[in-house]
Amino acid sequence: MLKSEKEEMIKELHEKFSRTKSAIVAEFSKVDVETVTKLRKKFREGGVEYKVIKNTLARRAAQGTDLAVIADDFTGPVALCLSYGDVVAPAKILTEFTKDLEDKIKIRTAVVDGRKVDVNGVKQLAKLPGLNELRAQLLGMLNQPAGKLVRTIAAPGSQLARVVQAHADKAQG
């Protein structure tokens, strides 16, 4: 790789690292192509970017960004899982995917909004609801009072209709 290509790659990575809300460094050993392909698909579906980067380039690109706190963890065969929106998504996807593969894929460390998080922190983060789940909960909470109001307003009308129907049934029967 030419020096100009390396500089361009570092510049591109630095821009991505500066936009990142959360990132996880995972160590991969003896993982087959099929498994990595499945993982990449899950990450794409979750809006997470999965990158295998040369460690020296990643360390240089991380300078001056939130990822600088985990730059020392860029050693050996590692991959980066980057999220630009939902901070919980990479932790959820990677934790769920690695349940059966803990001997092959190990979470080393992570950074969430500029703070370094260890493996246990990533597992705790994975237990939190994601951005879409939080939105659904919020909408449910907002709709609940409106639904209750509609039922309360409609109750006297439906009660009157039942009384009228009962009188009609009594008159016919």
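Helix α2 (residues 33–45) packs against helix α4 at an angle of about 150°, and their axes are 10 Å apart. Helices here are DSSP runs of H or I with at least four residues, strands are runs of E with at least two, and the numbering starts from the N terminus. The axes are lines fitted to C-alpha atoms, for helices over the stretch in contact, and the angles run from 0 to 180 degrees between N-to-C directions. The two helices α2 and α4 are therefore roughly antiparallel to each other, given that angles under 35 degrees count as roughly parallel, over 145 as roughly antiparallel, 65 to 115 as roughly perpendicular and the rest as oblique. The crossing of α2 past α4 is right-handed, a term used when the near helix is turned clockwise from the far one by less than a right angle, with anticlockwise giving left-handed. On the α2 side the contact is made by T35, K38, L39, K42 and F43, and on the α4 side by P90, I93, L94 and F97, where contact means heavy atoms within 4.5 Å.

The model is a predicted one, in which local features need pLDDT of at least 70 and side-chain atom pairs count only at pLDDT 80 or more, whereas totals for chains, interfaces and linings use all residues. Residues are numbered from 1 along each chain as its sequence is written, and side-chain values use heavy atoms, with hydrogens and water left out.

A second helix pair is formed by α1 (residues 3–19) and α3 (residues 55–62), whose axes come within 8 Å and cross at roughly 55°. That angle makes α1 oblique to α3. The crossing of α1 and α3 is right-handed, and the contact involves K6, E7, M9, I10, L13, H14 and F17 of α1 together with L57, A58, R60, A61 and A62 of α3.

The strands come next. An open sheet is formed by 5 strands in the order β2-β3-β1-β4-β5, with antiparallel pairing; two strands count as paired if DSSP finds at least two bridges between them. The edge strands are β2 and β5 (115–117), each of which pairs on one side only. On average, neighbouring strands of this sheet are turned by 20° against each other, direction ignored. Helix α4 (residues 89–97) lies across β1, β2, β3 and β4 (105–112), and runs at about 25° to β1.

Strand β3 is joined to β1 (residues 22–28) by 6 bridges in an antiparallel arrangement, and it pairs with β2 (residues 48–51), also in the antiparallel sense, over 4 bridges. Strand β1 is in turn joined to β4 by 7 bridges, and these two strands run antiparallel. Individual bridge partners or opposite residues are set out below.

| Residue | Residue opposite | Strand of the opposite residue |
|---|---|---|
| S22 | S83 | β3 |
| A26 | A79 | β3 |
| E27 | V78 | β3 |
| E49 | L82 | β3 |
| V25 | T109 | β4 |

How enclosed is β3? For strand β3 (residues 78–83), 6 of the 6 residues are buried, so it is largely enclosed by the rest of the structure. Buried means under 20% relative accessible area, exposed means over 50%, and partly exposed lies in between, for a 1.4 Å probe and protein chains only. Both faces of β3 are covered, with V78, L80 and L82 buried on one side and A79, C81 and S83 buried on the other. Strand β1 is mostly covered, as 6 of its 7 residues are buried.

The loop between α3 and β3 contains D73, which is buried with a relative accessible area of 18%. Not counting residues up to four places away in sequence, D73 touches V25, V78, R108, T109 and K116. Of these, V78 also stands opposite E27, and T109 is the bridge partner of V25.

At the level of the whole chain, the division is into domain 1 (3–128) and domain 2 (131–172), with bounds that come from an automatic or database domain assignment. The C-alpha centres of domain 1 and domain 2 lie 48 Å apart. Residue E133 has its place in helix α6 (residues 131–172) and is partly exposed, with a relative accessible area of 40%. Leaving aside neighbours within four places in sequence, E133 is in contact with K92 and L128. By contrast with its sequence separation of 43 residues from P90, E133 is 15 Å from P90 in space, C-alpha to C-alpha.
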